Amino acid sequence: MADGTALDDSESESAADIQASIRTDIPHSARMYDYYLGGRTNYRPDREAADEVATVFPSVFHTALENRDFMHRATRVLARSYGIRQWLDIGTGIPTSPNLHEVAQSVAADARVVYVDYDPIVLNYARALLRSTPTGRTAYVQADATDPDSILADQTLAATLDLSRPVALSLNALLHFIPDDRDPYGIVDRLMSELPSGSALAISHCTPDFDPESWAEVVSVYRNSGTPAQVRTRKEVERFFEGYDLIEPGISVGHRWRPEETARTELPRVSDADVSLWVGVAIKP
Ligand SMILES: C[S@@+](CC[C@H](N)C(=O)[O-])C[C@H]1O[C@@H](n2cnc3c(N)ncnc32)[C@H](O)[C@@H]1O
């Protein structure tokens with residue numbers, strides 16, 4: 001169980017100025033993830049569902065931490081070695097320092113980031129995502145990834161990113177919440193189709209490959225709590241990158257993707273099964 005210093009349900013309502021649209025009586029994936037990361041922005045139903053996941057897959061806390069660290073490393077590498085200065089980050093999650101723009105702007109102060117999530121609680125905390133450097137820019141769009149046209153048509157996106165220049169599309173721990181019947185491959189293609197050559201695609205995705213029985217149970221916990229979920233095999237994750245040039249080391253288990261780039265001083269010993277996450281970064285030719 002995470003070292004939860006999370007708020008009481010009674011306290012959290014006033015402390016967070018929660019909007020009326022936020023449902024705190026049912027678990028939500030963004031707040032369960034916040035709990036795995038040791039955050040405070042979660043409620044009892046989130047913690048109960050997350051603990052149920054941890055019962056069937058105890059290393060879920062490692063999965064979450066390794067996922068977050070991959071996002072940091074991929075962002076740093078793209079900014080430093082591939083000249084990326086713009087990001088479209090969909091499925092942003094509740095702010096957790098450092099956020100993507102903080103990593104990008106630590107390399108390139110003029111980096112621009114548009115964050116997108118469909119959970120109103122992320123909007124509620126978006127201030128933390130909007131503290132940009134003076135020369136960079138950040139913006140937040142509330143939208144559903146299953147409607148990529150609404151994201152691409154958003155005025156805030158158009159005002160923040162220049163789509164004639166390379167953009168990194170960052171889909172970290174998002175696509176396993178989009179089952180095949182919502183056309184995740186079509187969504188990624190649609191988004192990438194608007195980005196020019198030199199743009200990047202960064203994905204992390206939970207997999208059943210190393211521990212299929214536990215992951216079948218994890219998926220059931222999410223589905224039973226109302227969150228669509230579908231974990232994917234390596235081959236299925238590879239398909240998202242078809243037509244793009246994977247950068248070294250190609251598709252990897254999360255903690256094996258350029259571990260030397262981490263800012264962490266202590267790395268826990270974890271196995272591929274503990275992490276159960278395929279990750280990759282590719283460039284559009
Ligand atoms: C596990 S969190 C990942 C957060 C962050 N990307 C990271 O990797 O640290 C998944 C996020 O995706 C969001 N999400 C799930 N389905 C979505 C959808 N259809 N459209 C937009 N956001 C979605 C959730 O609200 C949640 O904030």
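## Strands, core and ligand in a predicted model

Strand E6 (residues 245-246) runs antiparallel to strand E8, and 2 bridges join them. The model you are looking at is predicted, and E8 makes a good starting point for a walk through it.

Within the E6 pairing, aspartate 245 has isoleucine 283 of E8 as its bridge partner. Strand E7 (residues 252-253) is also antiparallel to E8, again over 2 bridges, and here serine 252 is matched with valine 279 of E8. Strand E5 (residues 200-206) pairs with E8 in the antiparallel sense too, over 7 bridges; in E8, leucine 277 stands opposite cysteine 206.

How many residues of E8 (residues 277-283) are buried? The count is 7 of 7. In a regular strand, side chains alternate between the two faces of the sheet. On one side of E8 sit Leu277, Val279, Val281 and Ile283, on the other Trp278, Gly280 and Ala282, and both faces are covered.

Let's turn to the core. In soluble globular proteins, nonpolar side chains tend to be buried together. The largest nonpolar core here has 87 residues, and those touching the most other members are Tyr36, Trp87, Leu88, Ile90, Leu169, Leu171 and Leu201. Helix H4 (residues 60-81) gives the most to this core, with 9 residues. Isoleucine 90, leaving aside its neighbours within four places in sequence, has contacts that include Val116, Ala145, Ile151, Leu169, Leu171 and Leu191. Helix H5 (residues 100-107) has Leu100, His101, Val103, Ala104 and Gln105 as its buried residues. These pack against H4 and against four strands: E1 (86-90), E2 (112-117), E3 (137-142) and E4 (168-172).

Next comes the ligand, which is surrounded by 19 residues; Tyr33, Asn67, Gly91, Asp117 and Ala145 are the closest. Three polar contacts to the ligand are set out below.

| Residue | Atom in the protein | Atom in the ligand | Distance |
|---|---|---|---|
| Tyrosine 33 | polar side-chain atom | oxygen | 2.7 Å |
| Glycine 91 | backbone N or O atom | nitrogen | 2.6 Å |
| Alanine 145 | polar backbone atom | nitrogen | 2.8 Å |

On its own the ligand has 600 Å² of accessible area, and the protein covers 97% of that. Alanine 145 links this part of the story back to the core residue isoleucine 90, with which alanine 145 is in contact.

Two polar residues deserve a closer look. Arginine 73 is found in helix H4. Is arginine 73 buried or exposed? Its relative accessible area is 2%, under the 20% cut-off, so arginine 73 counts as buried. Leaving aside neighbours within four places in sequence, arginine 73 is in contact with Gly254, His255, Trp257, Arg258, Pro259, Glu261 and Thr262. With Arg258 there is a polar contact: the arginine 73 side chain reaches the backbone oxygen of arginine 258 at 3.3 Å. Asparagine 224, by contrast, is 151 residues along the chain from arginine 73, and their C-alpha atoms are separated by 33 Å.

Glutamine 230 lies in a loop, between helix H10 (212-224) and helix H11 (234-238). Glutamine 230 has a relative accessible area of 17%, and because that is under 20%, this loop residue is buried as well. A polar atom of the glutamine 230 side chain lies 2.7 Å from the backbone nitrogen of aspartate 180. Apart from neighbours within four places in sequence, glutamine 230 is in contact with His176, Pro179, Asp180, His205 and Arg223.

How values were computed. Residues are numbered from 1 along each chain as its sequence is written. This is a predicted model: local features need pLDDT of at least 70, side-chain atom pairs count only at pLDDT 80 or more; totals for chains, interfaces and linings use all residues. Side-chain values use heavy atoms; hydrogens and water are left out. A nonpolar core is a set of buried Ala, Val, Leu, Ile, Met, Phe, Trp, Tyr and Cys residues joined through side-chain atoms within 4.5 Å. Buried means under 20% relative accessible area, exposed over 50%, partly exposed in between (1.4 Å probe, protein chains only). Contact means heavy atoms within 4.5 Å. A residue is near a molecule or strand if one of its heavy atoms lies within 4 Å of it. A polar contact is a pair of N or O atoms within 3.5 Å; within protein, one must be able to donate a hydrogen and the other to accept it, and residues adjacent in sequence count only if both atoms are side-chain atoms. Accessible areas come from the Shrake-Rupley method with a 1.4 Å probe; for residues, only the protein chains shown count as cover. Two strands pair if DSSP finds at least two bridges between them.
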